[in-house]
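Colleague: Please show me the complex, and then I will ask about the contact between its chains.

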Amino acid sequence: MAFENEMYGKSMAIALEKSVQLTEFNISFIKFDHPKSFFDMVSPMLSPKCRINKFSMQACILTPLESKVLCYILMKNKLMHTVDFSECIDKERDSFVLIFDKFGQGSNVRYLSL
Amino acid sequence: MNFSITKLGIALAENTKIETLNISNNRIKTQPFTAFFAAIKNNKSLRKINASKTDLSDKVCEKIADFLSMEELRLHEFDLSKNQITDVGFKLIMPAIQKNRSIEHINFDQNQLKASGCEAISACLEENKSIVELSLSGNKINNDGIALLGQFLKNNETLFYLDISKNPFTDQGFSIFAEHFGESAGLVYLDIQKTKDISDDQSLIQFA
C-alpha cells in the first residue's frame, strides 16, 4: 500500500480520532510517498483521547521527519507501551538515534522491537 | 540492520522503562555488539532480551558473561538462538549463569554446542537455582555431550523444561543420559524429537 496523496493520511486520521476504542495500530510495510501523509496519519496518537498502546511500523522508511514525529508521539502518548520498528529503513542513519534518546526521557515504552 | 546497536546500548544504559527488547533478525557486527553488552551492564529494567539470529559469536560472549554477572540484573528471559556460539562461548557464559539468580528461561537453539560446552552447562545447572526452562535444540550435541549433560539432573530441582531435540546423539549416549534422568527431581518436560538415532531399543526401554 502506498499513501501517495496527502488526503489519504488525513482521512485515516479522521477515522482514528473517532475510534477511541482502538488500542493497536499497525502501519507495517506502508510506503508514505507524500511526506505529510505519515504525520497526518499518526497525529491522532498525540490526542489525550487516543487509546493506542501498541504501534507497529515494520519495514517503513524512516527519515528525520518521521523520527521527529515519532519522538513527539513517544513523549506525549503515555499509554504507548509497545513499539515495533523492526526492518525499518533508516535512510539518514541518524533517525533512530533521535528515537532512542526519547526512551530515557519521558516515554513509557516497555516493549521494543528493532 | 538499520540502527546503531552501540547507540541503542547507550540509550538503554540509564533507561528504567524498557522491559522487553527484541533485536532478532539483525546482522550485528562483533565490535558494536560487544560495546552494546558493555553499555547495558548497569541496566536494571530489562526482563527479556531476544537476540536470536543476530550473528552473535564467541567474541561477544565475554561481555555477555559480564552482563549476566551483575548482581542487580533483573533479566528473566534470554534468547540467544540461531547464532554461532561454540563451546568456547558456552564456557564463558555458563559460569556467569551459574551464579545468576534472575534468569529463568534461556534459549540456545541452533548454535554450535558440543561436548565440552555440555560439561559447562551441566556444571552450571548443578548449582543454579533459577533456570526453569533450557532449550538446546538443533545444536551438535553428540554421545559424549548428552552423557555429560545428564550429570546435573540428580542435583537440580528447579529445571522443569529441557529441549535437546534435533541433536546428533544416538542410543548409546542417550542411554547414559536416561540413567541420570531417573534421578531427576524436577524435570517434567523433555523433548528429544527428531534426534539422529533414537529408536525404541535398549535406550528407550531404559528411559521408560
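Modeller: What follows is a short set of questions and answers on this predicted model. Local features need pLDDT of at least 70 and side-chain atom pairs count only at pLDDT 80 or more, while totals for chains, interfaces and linings use all residues. Residues are numbered from 1 along each chain as its sequence is written, chains are lettered from A and ligands numbered from 1 in the order in which they are written, and side-chain values use heavy atoms, with hydrogens and water left out.

Colleague: What is the mean pLDDT of chain B?

Modeller: pLDDT is the predictor's confidence in each residue, from 0 to 100. In chain B, 92% of the residues reach 70 or more. The mean pLDDT of chain B is 89.

Colleague: How many residues of chain A are in contact with chain B?

Modeller: Contact means heavy atoms within 4.5 Å. On the side of chain B, 17 residues take part, and they meet chain A residues numbering 18.

Colleague: How many salt bridges does the rule find across the interface of chain B and chain A?

Modeller: A salt bridge needs a side-chain nitrogen of Lys or Arg within 4 Å of a carboxyl oxygen of Asp or Glu. Over all chains the count comes to five. Across the interface of chain B and chain A, the number is zero.

Colleague: Which residue forms a salt bridge with A:Asp40?

Modeller: The closest N and O atoms of the pair are 3.5 Å apart. Both residues lie in helix H2 (residues 35–42; a DSSP run of H or I, at least four residues, numbered from the N terminus) of chain A. They are four residues apart, about one turn of the helix. The partner of A:Asp40 is A:Lys36.

Technical notes:
Helices (H or I, at least four residues) and strands (E, at least two) are DSSP runs, numbered from the N terminus.
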